[in-house]
Amino acid sequence: MSQSPFEQAGSLCIGTVDFVSPDEIKVALDIEAPESVALNTGGPRPFPRVNSYMLMPVDDGYLVGQIIWITVERSAFPKRRGMQDFGLVDLPYPLRKMSLNPLGTLLKKATKLGREEEYTFRRGKDSLPSIGAGVMLPTERQLRSIIESGDHRRVKIGISPIAGNANVCIDPDRLFGRHLAVLGNTGSGKSCSVAGLIRWSLEQAGKKTMQTNQMLVLSSWIQTGNTHEHLAARTPP
């Protein structure tokens with residue numbers, strides 16, 4: 001049986017906004033919110049997880065926030081609506097909280113009756129949620145709309161496991177046209193990531209143009225030459 005829009009929004013709500021600022025939003029999670037896996041989004045999804053996305057209703061759509069930290073605070077036992085606990089000893093209760101970094105706004109497109117909902121993601125925010133506003137888990141379609149947004153998605157560099165394996169694509173002109181840093185611990189794959197970005201960009205450029213594409217790479221990593229060896233035959237010295 002299909003749910004009404006209000007019932008669906010209520011089933012996806014996991015907490016309320018507790019603190020609002022231009023660069024940080026704190027959320028108090030409900031005691032019934034999932035502790036490890038959420039099953040009400042159309043498929044099993046790990047929750048809560050750092051770097052995953054949340055939605056908060058605002059004037060023109062949903063404000064998209066990314067989880068930056070999760071903690072447990074010792075607070076009074078939360079009051080339940082319509083219930084009174086007589087004789088309950090008020091001991092410290094582990095109330096879960098998390099902090100969100102506001103990223104942009106998710107807008108719903110106008111679609112014909114009977115068609116699936118479509119969304120568009122826009123960087124930046126015109127308004128912030130109010131205190132007490134609900135915080136919801138995004139559906140699979142909403143997650144894909146966030147990750148697969150933009151008009152210059154030319155080179156695929158991987159998939160996002162926290163967003164339903166949505167394709168992650170970049171625009172090489174915008175990526176290499178400004179300062180770029182790939183940071184990580186020793187052995188985490190920094191050099192492989194940079195080599196992959198260069199290789200995928202050159203391969204994609206070769207498919208769309210017959211011109212020779214050149215890139216200067218200065219690296220002390222001995223495996224860099226082997227990584228791009230198959231491209232050397234098509235690139236003049």
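**Exercise 1. The loop between two strands**

Where in the chain is the place of Asn51? Locate this residue in the predicted model, and then describe its backbone and that of the peptide bond that joins Phe47 and Pro48.

*Solution.* Begin with the position: Asn51 is found in the loop between β4 and β5, and Pro48 lies in the loop between β4 (45-46) and β5 (53-58) as well. Next, consider the backbone of Asn51, whose phi is positive, at about 80°, although the residue is not a glycine. Most residues other than glycine have a negative phi, and most peptide bonds are trans. With that background, turn to the bond between Phe47 and Pro48, which is cis, with an omega of about -5°. Finally, classify the accessibility of Asn51: because its relative accessibility is 40%, the residue counts as partly exposed.

**Exercise 2. Salt bridges between distant parts of the chain**

How many salt bridges does a search of the whole structure find? Describe the pair formed by Asp18 and Lys97, and then the pair formed by Asp60 and Arg122.

*Solution.* The search of the whole structure yields 5 salt bridges. Side chains of opposite charge can pair when their charged atoms come close. In the bridge between Asp18 and Lys97, the closest N and O atoms are 3.2 Å apart. Since Asp18 belongs to strand β1 (residues 13-21) and Lys97 to strand β7 (residues 93-108), this pair ties together parts that are 79 residues apart in sequence. To classify the two partners, recall that buried means under 20% relative accessible area: Lys97, with 17%, is therefore buried, whereas Asp18, with 38%, is partly exposed.

Proceed to the second pair, in which the side chains of Asp60 and Arg122 meet at 3.4 Å, N to O. This pair also links distant parts of the chain, with Asp60 in the loop between β5 and β6 (61-75) and Arg122 in strand β8, 62 residues apart. Asp60 is partly exposed, at a relative accessible area of 36%, and Arg122 counts as partly exposed at 33%.

**Exercise 3. A further bridge and a network**

Which residue forms a salt bridge with Arg144, and which residues are joined into one network by salt bridges that share partners?

*Solution.* The partner of Arg144 is Glu148, and the closest N and O atoms of this pair are 3.1 Å apart. Glu148 is partly exposed, with a relative accessible area of 27%, and Arg144 is partly exposed, with 33%. As for the network, salt bridges with shared partners join Asp18, Glu73 and Lys97.

**Exercise 4. The largest pocket**

Which element gives the most residues to the lining of the largest pocket? Describe the space and the lining before answering.

*Solution.* First, take the volume: the largest pocket holds about 930 Å³ of space. Its lining comprises 26 residues, of which Arg123, Ile147, Ser149, Val168 and Cys169 are the closest to the centre. The elements that contribute two or more residues to this lining are β8 (119-123), α2 (140-147), β10 (155-160), β11 (166-170) and α3 (172-176). The greatest contribution comes from β10, with 4 residues. By character, the lining residues divide into 13 nonpolar, 6 polar and 7 charged.

**Exercise 5. The chain as a whole**

What share of the residues in the chain is buried, and what supplies the surface that the chain exposes?

*Solution.* Start from the secondary structure, which consists of 6 helices and 11 strands. Of the 237 residues in the chain, 31% are buried. The chain exposes about 15800 Å², and carbon and sulfur atoms supply 52% of this area. Among the contacts in the chain with a separation of 6 or more, 54% are between residues 24 or more positions apart.

Notes: Residues numbered from 1 in each chain as written. Predicted model: local features only at pLDDT ≥ 70, side-chain atom pairs only at ≥ 80, totals over all residues. Heavy atoms only, no water. 1 Å grid on protein atoms, 1.4 Å probe; cavity = no way out; pocket = protein on both sides within 12 Å on 5 of 7 lines; lining within 4 Å. Points joined across faces, edges and corners; volume = space filled by probe spheres on them. Nonpolar A, V, L, I, M, F, W, Y, C, P; charged D, E, K, R; others polar. Buried < 20%, exposed > 50% of the residue type's maximum accessible area, 1.4 Å probe, protein only. Contact = heavy atoms within 4.5 Å. Areas by Shrake-Rupley, 256 points an atom, 1.4 Å probe, with all protein chains shown as cover. Salt bridge = Lys/Arg side-chain N within 4 Å of Asp/Glu carboxyl O.
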